[in-house]
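Student: I would like to learn how to read a model of this kind, one feature at a time. Where do we start?
Tutor: Let us put the sequence and the structure in front of us and begin with a pair of helices.

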Amino acid sequence: VALTFDDGPSAHTARILDCLEANDARATFYLVGNRMGTYQSTVKRMVDMGCEPGSHTWDHTYITKLSQEELFANLNRLDDTLQSIAGVRTVTMRPPGGFVSDNAKQILAKKGVPAILWSIDTLDWKTKNAQNTINVVLSSVKDGDIILMHDTIPATVDAALRIVDALQAEGYTFVTVEELLALS
């Protein structure tokens with residue numbers, strides 16, 4: 001399964017990285033570019049651990065509202081910042097709010113960066129309840145799932161730590177979206 005975390009990095013991201021590192025696991029973090037400068041060491045550690053940094057746009061803008069030029073500029077700004085911090089660029093992106101149009105998909109295809117959605121939405125941003133997030137994942141998870149969470153919410157971080165333990169006990173392994181979808 002691929003655990004994915006949107007909207008970070010944040011002050012809570014390091015706790016998730018600690019858990020992943022302790023369990024020899026990886027995840028994909030869909031980063032908001034304008035947050036990376038504050039958490040440069042977290043972003044570098046994420047990449048050094050083999051986690052995938054993905055784009056969640058520079059400023060959490062809905063990509064359906066951007067022209068091709070605006071979208072390219074937005075994504076390139078994030079990638080240029082990521083390159084300067086951790087020496088890599090993104091391979092995938094997650095549209096903020098999950099809003100993606102056929103036009104936006106065509107623009108992303110020109111850039112060579114697919115829009116990645118999810119198969120399990122924990123709605124953690126709405127409930128902000130760790131047990132609810134755990135229940136949503138554990139009641140429906142199957143091989144190949146992409147699980148959506150947010151590393152900006154303390155309750156989600158608490159849930160993620162328990163989800164990793166529970167799913168590992170069930171024999172699941174944690175991979176990046178890039179690995180899950182064999183994009184490389």
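Student: Which residues in helix 6 meet which residues in helix 7?
Tutor: Keep in mind that this is a predicted model. From helix 6 come Ala 130, Gln 131, Thr 133, Ile 134, Val 137 and Leu 138; from helix 7 come Ala 155, Asp 158, Ala 159, Arg 162, Ile 163, Ala 166 and Leu 167. By type, the residues of this contact are 9 nonpolar, 2 polar and 2 charged.

Student: How is the packing of two helices described?
Tutor: Two quantities are used for packed helices: the angle between the axes and the distance between the axes. Here the axes of helix 6 (residues 130-140) and helix 7 (residues 154-169) cross at roughly 35 degrees and come within 8 Å. The crossing of helix 6 with helix 7 is right-handed.

Student: Now the sheet. In what order do the strands stand, and is the pairing parallel or antiparallel?
Tutor: The sheet is open and has 5 strands, in the order 3-2-1-5-4, with parallel pairing. Strand 3 (52-55) and strand 4 (120-121) each have a single partner strand, so each has one side without a neighbour in the sheet.

Student: Over how many bridges do strand 1 and strand 5 pair?
Tutor: Strand 1 (residues 2-6) pairs with strand 5 (residues 146-150) over 5 bridges, in the parallel sense. To find the register by eye, start from Leu 3, which is opposite Ile 147 of strand 5.

Student: What about the backbone after strand 1? Which peptide bond is cis?
Tutor: The bond from Gly 8 to Pro 9 is cis, its omega being near 0 degrees. Pro 9 belongs to the loop between strand 1 and helix 1 (13-22). Asp 7 is in the loop between strand 1 and helix 1 too, and its phi is positive, near 80 degrees, though Asp 7 is not a glycine.

Student: Where does Leu 123 lie?
Tutor: Leu 123 is in the loop between strand 4 and helix 5 (124-127). Leu 123 is another non-glycine residue with a positive phi, about 55 degrees.

Student: Last, the largest pocket. How many residues line it, and which lie nearest its centre?
Tutor: The lining has 14 residues, and Gly 97, Gly 98, Trp 125, Leu 148 and His 150 lie nearest the centre. The space in the largest pocket is about 220 Å³. Sorted by type, its lining gives 6 nonpolar, 5 polar and 3 charged residues.

Notes:
Residues numbered from 1 in each chain as written. Predicted model: local features only at pLDDT ≥ 70, side-chain atom pairs only at ≥ 80, totals over all residues. Heavy atoms only, no water. Pairing = 2+ DSSP bridges. Helix = DSSP H or I, 4+ residues; strand = E, 2+ residues; numbered from the N terminus. 1 Å grid on protein atoms, 1.4 Å probe; cavity = no way out; pocket = protein on both sides within 12 Å on 5 of 7 lines; lining within 4 Å. Points joined across faces, edges and corners; volume = space filled by probe spheres on them. Nonpolar A, V, L, I, M, F, W, Y, C, P; charged D, E, K, R; others polar. Axes fitted to C-alpha atoms, helices over the stretch in contact; angles between N-to-C directions. Left-handed = near helix turned anticlockwise from the far one by under 90°. Contact = heavy atoms within 4.5 Å.
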